[in-house]
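Let us look at this structure together through a series of questions and answers, taking each one slowly.

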Amino acid sequence: MQLAVLNPGGRDREQHFPQFAGAPADPAPHPPVNYHAYAACTGGTFYRDPARIPSDWRAVLLVLRRDLKACLKALRQLKADGKIVAVSLKESGLHQVAKLFGDAEKIALFREICALADGCLSSTQDLAGVYRAAGGRHAGFIPTPYPVDSEKWDFSLPLDQRAGIFIGTREWDTPSRNHAAALLLAASLGAPVTVVNEEGAAGRKRIAAAGLVNAQIIEGRLPYADYLRLVARHRIVLQLDRSAVPGQVAGDALLCGVPCVGGDGAIERIAFAETCGFGRDAAALGELAERLLNNDAAYQGAISQSRTAAAERLSFPAIAKTLEDYFTGLAARS
């Protein structure tokens with residue numbers, strides 16, 4: 001099954017994935033992660049125009065962005081064309097969903113979309129119940145895949161080339177990210193720290209105020225492959241995010257073979273169940289981080305555990321099979 005992922009009218013251009021994950025390339029339209037990865041793991045395509053989807057492709061994942069009117073219009077067209085359509089919120093962190101549903105019209109549109117769709121695919125564990133409550137049928141959780149099965153996407157380095165802590169978050173103004181708290185925790189651990197700063201002098205001032213006067217500060221965003229190479233040079237990735245997001249911070253850590261400490265996203269809970277922030281407070285996470293920074297046996301064990309979990313539940317082949325089974329079931333019920 002080749003899956004068509006449709007973001008109607010979105011900014012990302014149409015992108016085909018005939019070689020699945022392919023090889024890292026910069027510049028590239030979009031790496032095979034997040035919602036693009038659902039298409040990539042099946043050798044499918046990411047679309048922005050429903051009319052571009054081939055007539056013989058029946059399985060479509062409709063990504064719901066903020067313009068829900070455009071999404072409903074696309075859904076009606078897809079259904080008229082005989083497609084089997086599952087819908088999924090593009091911005092699926094709990095804080096993002098709460099912001100979207102702050103508008104009464106959008107709540108009503110979301111309910112109408114859920115009732116019309118054949119199924120609702122949740123990229124996080126926390127939202128499946130929301131789809132059901134809105135009248136959605138066959139709501140299921142399928143995490144976003146990562147190409148952990150591809151040698152081309154293995155950015156891991158030998159242990160002796162890793163050092164220090166990489167801070168996985170960067171948003172100061174989203175309370176549930178707990179970015180400042182993560183910086184404070186990192187400062188208390190005494191290891192070298194790397195932080196991405198997107199706020200110029202104001203961001204540097206905040207980082208220094210958290211006690212990280214000697215932190216390595218990366219100014220602005222990097223191309224994705226360069227970003228992964230940066231992450232791979234660290235001993236651990238640290239975050240205190242409580243947003244229940246799909247989990248790209250942890251997904252990036254997986255591609256780098258680096259343990260992720262903290263965070264309660266979907267990938268964190270699956271691949272880093274023993275070190276994630278789900279059910280753990282900052283003190284417990286600090287102890288885990290300190291152990292991984294100083295105990296090689298524990299560190300290697302964490303890497304092995306994450307790789308096994310990712311291969312079984314997050315790899316491209318694993319998620320491709322899950323998606324095929326899910327859409328086959330939707331087609332049978334329709």
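Two strands pair if DSSP finds at least two bridges between them. Helices (H or I, at least four residues) and strands (E, at least two) are DSSP runs, numbered from the N terminus. This is a predicted model, in which local features need pLDDT of at least 70 and side-chain atom pairs count only at pLDDT 80 or more, while totals for chains, interfaces and linings use all residues. Residues are numbered from 1 along each chain as its sequence is written, and side-chain values use heavy atoms, with hydrogens and water left out.

Q: Over how many bridges do strand β8 and strand β11 pair?
A: Strand β8 covers residues 165–167 and strand β11 covers residues 236–238. Within this pairing, I167 stands opposite L238 in β11. The two strands pair in the parallel sense, and the number of bridges is three.

Q: Which strands stand at the edges of the sheet that contains β8?
A: Five strands form this open sheet, in the order β10-β9-β8-β11-β12, and the pairing is parallel. An edge strand here has a single partner strand, so one side of it is left without a neighbour in the sheet. The strands at the edges are β10 (216–219) and β12 (260–261).

Q: What angle does the direction of helix α6 make with that of β8?
A: Helix α6 (residues 179–189) packs on the sheet and touches β8, β9 and β11, where contact means heavy atoms within 4.5 Å. Axes are lines fitted to C-alpha atoms, for helices over the stretch in contact, and angles run from 0 to 180 degrees between N-to-C directions. On that scale, the direction of α6 makes with that of β8 an angle of about 170°.

Q: Are the residues of strand β4 buried or exposed?
A: Buried means under 20% relative accessible area, exposed over 50%, and partly exposed in between (1.4 Å probe, protein chains only). In a regular strand the side chains alternate between the two faces of the sheet. In β4, A59, L61 and V63 lie on one side and V60, L62 and L64 on the other, and both faces are covered. Of the six residues of β4 (59–64), six are buried.

Q: What is the handedness of the crossover from β4 to β5?
A: Six bridges join β4 to strand β5 (residues 84–89), and the two run parallel. The chain crosses from β4 through helix α2 (residues 68–80) to β5. A crossover is right-handed if, with the strands pointing away from the viewer, the path from the first strand over the helix to the second runs clockwise. This β-α-β crossover is right-handed.

Q: At roughly what angle do the axes of helix α8 and helix α9 cross?
A: Two packed helices are described by the angle between their axes and the distance between the axes. The axes of α8 (residues 224–232) and α9 (residues 248–256) come within 9 Å. The crossing makes α8 roughly perpendicular to α9, a class that takes angles of 65 to 115 degrees. The axes cross at roughly 75°.

Q: Which residue in the loop between β8 and α6 has a positive phi although it is not a glycine?
A: The residue has a phi of about 55° and is found in the loop between β8 and α6. At 27% relative accessibility, this residue counts as partly exposed. Its name is N178.

Technical notes
Angles under 35 degrees count as roughly parallel, over 145 as roughly antiparallel, 65 to 115 as roughly perpendicular and the rest as oblique.
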